[in-house]
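Visitor: Hello! I am new to this structure and would love a close look at one part of it. Could you take me through it slowly?

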Amino acid sequence: MRGVKLPAAAVCAAAVAVAAAPAASATADWALNGRYLATSNGDWAKTNLVYRDLPTVRSIWTIAMTCTAYIVCAGRVDSDAGWSADITITNGEYVVKVDRPGWEPCPDGTTVDGHQRYRFFPVGPDGFVQPGSRVFAGFDVTTGRSGGCGINDKLMIEMPFRLEKLD
């Protein structure tokens, strides 16, 4: 089979058009803006890697993000649960980190701060990554610190996480 020869100018123009078009639309697809229902599913919660039912937690997030390049986005999340935190994209996942003062109660009456990290990505109906989707799936993981409460281990609670656009 023989190849078709095209003028060099046509090949360059086509390459530039293909390279530029996806980046512009992909940048817009990755920025999250608006109101979302955030659900941490306690039915599948794990405490230190052991399944243990916990209450499901739902809240409304208002997200404002901007992207400066393909998958280089940052912004702010305001939750109706009373906290605000930064949101970024790391390794193709959205990441929100929230500090939780006094999260873990200790037997002696003191508390240990927790660090909550939401990681999620857009998914289609089949559960595979689908940029531009209105539904996101991932994990909500909260950890204490090792040595907290006088125990040489840290408390870790992990729950499946779902985020769905409301507007």
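Visitor: Let us look closely at Cys 106: does this residue count as buried or exposed, and what is its relative accessibility?

Guide: Welcome! Please keep in mind that this is a predicted model. Cys 106 counts as buried, because its relative accessibility is 9% and the limit for buried is under 20%. Cys 106 is also one end of a disulfide, and its partner is Cys 149, with 1.9 Å from S to S. In general, a disulfide is a covalent bond between the sulfur atoms of two cysteines.

Where do the two ends sit? Cys 106 is in the loop between β7 and β8, while Cys 149 is in the loop between β9 (135-143) and β10. The two cysteines are 43 residues apart, and the pair links distant parts of the chain. The link of Cys 106 and Cys 149 is left-handed, with -75° about the S-S bond. Its other end has a different label: Cys 149 is partly exposed, because its relative accessible area is 22%, and buried would need a value under 20%.

There is a second bond to compare. The search of the whole structure finds two disulfides, and the other one joins Cys 67 to Cys 73, again with S to S at 1.9 Å. That link is right-handed, with 100° about the S-S bond. Cys 73 counts as buried, because its relative accessibility is 5%. If you number the bonded cysteines in sequence order, the pairing reads 1-2, 3-4.

Now step back along the chain to β7, one of the strands beside the loop of Cys 106. Glu 93 lies in this strand, which covers residues 93-105. Glu 93 is buried, because its relative accessible area is 19% and that value is under 20%. The side chains of Glu 93 and Arg 119 are joined by a polar contact of 3.1 Å. Leaving out residues up to four places away in sequence, Glu 93 touches Thr 88, Arg 119, Phe 120 and Phe 121.

Phe 120 makes a good next stop. With the same sequence neighbours left out, its contacts include Glu 93, Trp 61, Val 96, Phe 136 and Phe 161. The largest nonpolar core has 21 residues, and among them Trp 61, Val 96 and Phe 120 touch the most other members. The elements that give two or more residues to this core are β1, β4, β5 (72-79), β6 (84-90), β7, β8 (111-122) and β10.

Two of those partnerships are easy to trace from β1. Strand β1 (residues 33-40) runs antiparallel to β4 (residues 57-69), and eight bridges join them. Within that pairing, Asn 33 stands opposite Ala 64. β1 also pairs in the antiparallel sense with β10 (residues 156-165), over five bridges. There, Leu 37 has Glu 164 as its bridge partner.

To finish, here is the wider setting. The protein chain has one helix and ten strands, and the helix comes before the strands in the sequence pattern. Buried residues make up 32% of its 167 residues. Among contacts between residues at least 6 apart in sequence, 47% join residues at least 24 apart. The accessible surface comes to about 10,200 Å², and 58% of it belongs to carbon and sulfur atoms.

Key
Residues numbered from 1 in each chain as written. Predicted model: local features only at pLDDT ≥ 70, side-chain atom pairs only at ≥ 80, totals over all residues. Heavy atoms only, no water. Pairing = 2+ DSSP bridges. Helix = DSSP H or I, 4+ residues; strand = E, 2+ residues; numbered from the N terminus. Buried < 20%, exposed > 50% of the residue type's maximum accessible area, 1.4 Å probe, protein only. Polar contact = N/O pair within 3.5 Å; in protein donor to acceptor, adjacent residues only side chain to side chain. Contact = heavy atoms within 4.5 Å. Areas by Shrake-Rupley, 256 points an atom, 1.4 Å probe, with all protein chains shown as cover. Core = buried A, V, L, I, M, F, W, Y, C linked by side-chain atoms within 4.5 Å. Disulfide = S-S within 2.5 Å.
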